[in-house]
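Reader: I would love to walk through this one with you, question by question. Could you put it up so we can both look?

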Number of protein chains: 2
Amino acid sequence: MHSYLIGSEFVKKISLLGATGSIGTQTLDVIQSHPEQFTLVAMSFGSNIKLGIEIISKFQPSFVAVKDKETYETLKLHFSSNVKFGYGDNALIEAAIYDGVDCLVNAVVGSVGLVPTLKAIENNITIAIANKETLVTAGHLVTEYAAKHNVKLLPVDSEHSAIFQCLQGETDKTIDRLIVTASGGSFRDKSREELQDVTVKEALNHPNWSMGAKITIDSATMMNKGLEVIEAHWLFNMPYHKIDVLLHKESIIHSLVEFQDRSIKAQLGTPDMRGPIQYALTYPDRLPLEKSKRLELWEIGKLHFEKADFKRYKCLQYAYESGKIGGTMPTVLNAANEEAVAAFLKGEIKFLQIEDCIERALDKHESIAHPGLEQIQEVDQLTRNFVQTLIS
Amino acid sequence: MHSYLIGSEFVKKISLLGATGSIGTQTLDVIQSHPEQFTLVAMSFGSNIKLGIEIISKFQPSFVAVKDKETYETLKLHFSSNVKFGYGDNALIEAAIYDGVDCLVNAVVGSVGLVPTLKAIENNITIAIANKETLVTAGHLVTEYAAKHNVKLLPVDSEHSAIFQCLQGETDKTIDRLIVTASGGSFRDKSREELQDVTVKEALNHPNWSMGAKITIDSATMMNKGLEVIEAHWLFNMPYHKIDVLLHKESIIHSLVEFQDRSIKAQLGTPDMRGPIQYALTYPDRLPLEKSKRLELWEIGKLHFEKADFKRYKCLQYAYESGKIGGTMPTVLNAANEEAVAAFLKGEIKFLQIEDCIERALDKHESIAHPGLEQIQEVDQLTRNFVQTLIS
């Protein structure tokens with residue numbers, strides 16, 4: 001419907017929000033490696049102008065959204081009139097639903113990704129969702145909306161992509177459990193006592209994955225896994241007691257699904273985010289993944305598994321609790337976490353204070369059931385303000 | 001078409017060849033646990049009269065085939081006229097295609113399972129195939145026949161069931177590799193030197209699976225895995241260079257499939273053959289598996305993987321070589337192995353002589369391309385005769 005033909009092939013028109021981030025640049029790698037399949041028609045980025053300009057020059061999208069007017073003016077001067085530019089929240093929406101877009105890859109960080117996602121759904125655009133905060137903070141809105149408009153929500157996170165791949169060819173009623181694997185992050189071998197004085201630099205040193213700063217800290221606190229549990233709840237319509245977290249330090253098994261006959265399916269691979277990104281773009285088909293390394297389990301030798309300890313990883317417990325309460329509680333969880341992690345990255349609070357901020361924000365909040373978009377945005381803002389009072 | 005209705009449910013009519021064996025009795029467990037889904041209408045067994053009588057009394061099949069006239073006469077005396085009996089090869093075929101059978105579970109041991117399988121295919125009966133020698137010795141006939149009659153061949157072996165489960169929802173052209181896991185059998189920690197004087201009792205002590213004698217010896221020589229590679233070649237239409245064997249001593253991952261995007265899917269579970277058996281019977285659906293144990297990877301802690309060494313496991317090498325040559329060569333491989341294993345179990349030859357018998361039979365044979373059933377049977381018999389000359 002939205003696609004045009006080259007020869008007999010459909011070329012999928014892609015809008016990419018968050019093009020200069022880790023998922024963004026890897027999405028561009030995938031697009032570039034299959035020019036007969038994909039084309040970038042719109043994109044957004046935040047503050048990395050240098051990389052943004054490189055990407056625009058290389059991919060020649062029709063529309064580019066940026067955060068602020070200053071960046072917008074700089075780009076207007078730099079490029080000819082072939083590329084349209086916009087800035088601010090409305091430009092982000094314009095990029096998401098740009099004329100003819102088949103698939104929106106939402107790879108922005110934080111809840112700023114929510115409104116563009118809803119608008120894209122309204123426009124019947126398939127969503128490849130790497131922006132987990134969108135589902136965490138407003139999962140009911142996004143999934144109800146997607147169902148109403150019959151729009152596919154395709155996971156990009158390696159864990160959710162793994163589950164999604166394992167579910168192909170299976171029927172929902174036979175699913176007994178989702179098992180989300182967790183590397184344990186950069187501090188998995190440290191006790192809570194040892195976490196007292198860890199530095200930002202140590203926290204950013206993830207053992208398996210090269211990712212953005214926010215998600216790397218979230219891995220260290222295990223909030224990343226907590227957010228993924230909530231995301232899995234919405235993406236796969238699964239109650240929380242049927243979602244488990246399993247520590248697996250090698251990050252080779254990306255997640256598993258157990259069926260009612262006790263058969264378990266797992267999806268495995270070398271840690272390479274281009275895999276799940278490409279699967280979301282090619283789904284339900286698969287294409288060769290350029291310059292990829294074949295996984296040989298005998299080379300790895302051993303895979304390790306441990307039970308996830310909710311006392312060691314308090315954020316995991318907060319996430320399950322917030323998820324089960326539902327309503328605006330996950331919004332508070334997410335907003336408090338975003339503010340606290342930002343403060344930690346700026347050196348304003350210590351590592352374990354991230355948990356304290358979240359706990360206090362959750363304790364203070366009375367959840368509003370089935371909130372609308374405005375209520376979510378209000379709770380989000382109030383939570384951020386509250387966490388700021390804790391920090392300063 | 002073949003099924004009758006109870007209420008709104010179809011009851012699948014099952015014929016079970018090899019009812020008193022390991023797979024046979026576990027198939028009966030599955031049938032018994034879902035009486036609203038399955039009913040046993042015909043069966044066969046070999047020499048275990050006591051267990052045979054128990055099964056007939058409990059399941060009340062319409063027809064029972066046995067090996068010899070003596071057993072047949074005993075059973076005729078024992079049971080009323082409600083149950084029909086037969087003996088010999090023709091009775092085995094009659095059981096396989098008994099009136100109204102929807103699904104034939106072929107769980108006999110050895111190449112005796114071939115003709116009943118072909119006859120059942122002619123009669124458009126779905127085949128749940130646990131009799132690997134059928135596919136090894138005449139894979140081209142069985143698969144061509146199944147394709148011609150549009151009959152499903154459903155694997156029952158845990159490894160092939162794992163691959164089959166991983167392939168659900170995927171397209172053939174995206175499959176890059178099948179990875180068949182192997183426990184390594186009862187002697188996996190022994191060097192070739194240490195294998196010189198191992199006893200039958202030691203060989204029958206499999207670390208993970210409780211199975212019949214033949215297959216347990218085949219596990220110890222790794223011929224079982226070799227036969228499974230050939231079986232996988234036929235079941236999944238996959239060239240041999242795209243089938244790997246991976247040593248995995250815990251037998252938790254039952255096998256894996258790699259796709260062209262380097263994504264790997266695996267199927268896991270506690271070692272319990274009722275899982276794959278039931279999946280073949282419920283496919284493409286799943287049902288709860290009675291009295292089954294949930295797999296918790298954190299309880300197991302570690303999974304180990306090693307490269308399969310073709311020098312340590314000569315039978316694996318013979319299997320790949322025979323498979324690649326094709327024609328009647330796998331028939332020779334299988335027949336020589338059956339005779340040699342039988343001789344080992346009777347204490348007539350030593351463990352490592354199993355390999356010698358197979359090697360000499362293969363060396364002697366000139367493969368006939370695309371053999372018919374009679375040629376296969378002739379080569380099978382000649383090979384058995386030849387191996388007997390080596391033994392006595």
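Reader: Which residues gather in a patch of negative charge on the surface?

Author: Happy to start there, with the reminder that this is a predicted model. Asp and Glu count as negative, and a patch takes residues with over 30% relative accessible area and no salt bridge. The residues that gather in this negative patch on the surface are E321(B), D356(B), E359(B) and D363(B).

Reader: Which helix of chain B gives the most to that negative patch?

Author: One member, D356(B), gives a good hint, as its place is in helix α15 of chain B. With three residues in the patch, the element that gives the most is helix α15 (residues 351–364) of chain B.

Reader: Turning to opposite charges, how far apart are the closest N and O atoms of E228(A) and K225(A)?

Author: Side chains of opposite charge can pair when their charged atoms come close. E228(A) and K225(A) are both in helix α10 (residues 223–235) of chain A, three residues apart, or about one turn of the helix. The two form a salt bridge, and their closest N and O atoms are separated by 2.8 Å.

Reader: And how many salt bridges are there over all chains?

Author: The pair of E228(A) and K225(A) is a salt bridge. Searching the whole structure gives a total over all chains of 49.

Reader: How are the two copies related?

Author: Chain B is superposed on chain A by a rotation of 180° with 0.0 Å of shift along the axis, at an RMSD of 0.0 Å. The two copies are thus related as by a two-fold rotation axis.

Reader: Which residue of chain B comes closest to the rotation axis?

Author: Good one to find on screen! Judged by C-alpha, at 2.0 Å from the axis, the closest residue of chain B is G169(B).

Reader: Is the peptide bond from Y283(A) to P284(A) cis or trans?

Author: Most peptide bonds are trans. P284(A) sits in the loop between α11 (274–282) and α12 (297–300) of chain A. In chain B, Y283(B) and P284(B) are joined by a cis bond with omega about 0°. For Y283(A) to P284(A), omega is near 5°, and the bond is cis.

Key: Residues numbered from 1 in each chain as written. Chains lettered and ligands numbered in written order. Predicted model: local features only at pLDDT ≥ 70, side-chain atom pairs only at ≥ 80, totals over all residues. Heavy atoms only, no water. Least-squares fit on C-alpha atoms with pLDDT ≥ 70 in both. Patch = residues over 30% accessible without salt bridge, like charges linked within 9 Å, V, L, I, M, F, W, Y side chains within 5 Å. Areas by Shrake-Rupley, 256 points an atom, 1.4 Å probe, with all protein chains shown as cover. Salt bridge = Lys/Arg side-chain N within 4 Å of Asp/Glu carboxyl O. Charge placed at Lys NZ, Arg CZ, Asp CG, Glu CD. Helix = DSSP H or I, 4+ residues; strand = E, 2+ residues; numbered from the N terminus.
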